[in-house]
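Got your viewer open and a selection box handy? Load the model and follow along, one selection at a time.

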Amino acid sequence: QVQLVESGGGLVQAGESLRLSCTASGNIFSINVMGWYRQAPGKQRDLVALITSSGSTTYVDSVKGRFTISRDKASNTVYLQMNSLKPEDTAVYYCNAETIDAYWGQGTQVTVSS
């Protein structure tokens, strides 16, 4: 079992920045990949960024150059630095951890006003 706790969402204006955090606990040594997904109202949950246990990263095209995923192994925390935010980035952001199962955080709201 893995538990994920997210923080860092909020309301910002277009062009501003936010940093999301996700701290994992439990069977953290079984985690292969961690990532951030987002779900806008009425839409499906989509991938934003991934980071593997070896540190390789993947981003969806719409956030490349604006978002950065990183991790701090010492604190078992994954971050999503979001710069140059746009109104279309508005969504609930979910942290994900993949072992042989998938685990999800509770979600944190990010709202970007124009």
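How many nonpolar, polar and charged residues are there in the lining of the largest pocket? Eight are nonpolar, five are polar and three are charged. Keep in mind as you click around that this is a predicted model.

**Stop one: the pocket**

Bring up the largest pocket, with a volume of about 280 Å³. Its lining is made up of 16 residues, and the ones to select are Ile 28, Ile 31, Met 34, Arg 71 and Lys 73, the closest to the pocket's centre. Show those as sticks.

Next, colour the strands around that space. Select 33–39 for strand 4 and 45–52 for strand 5, then 67–72 for strand 7 and 77–82 for strand 8. Each of these four strands gives the lining at least two residues.

**Stop two: the sulfur link**

Now leave the pocket and look for disulfides. A search of the whole structure turns up one. Select Cys 22 and Cys 95: they are the joined pair, with an S to S distance of 2.0 Å. Zoom out to see what that pair ties together: Cys 22 sits in strand 3 (residues 18–26) and Cys 95 in strand 9 (residues 91–98), distant parts of the chain, 73 residues apart.

Set up a dihedral about the S-S bond and you should get -80°, a left-handed link.

Last, switch on a surface. Are the two cysteines buried or exposed? Cys 22 has 0% relative accessibility, so it counts as buried. Cys 95 is also at 0%, so it counts as buried too.

Terms used. Residues numbered from 1 in each chain as written. Predicted model: local features only at pLDDT ≥ 70, side-chain atom pairs only at ≥ 80, totals over all residues. Heavy atoms only, no water. 1 Å grid on protein atoms, 1.4 Å probe; cavity = no way out; pocket = protein on both sides within 12 Å on 5 of 7 lines; lining within 4 Å. Points joined across faces, edges and corners; volume = space filled by probe spheres on them. Nonpolar A, V, L, I, M, F, W, Y, C, P; charged D, E, K, R; others polar. Disulfide = S-S within 2.5 Å. Buried < 20%, exposed > 50% of the residue type's maximum accessible area, 1.4 Å probe, protein only.
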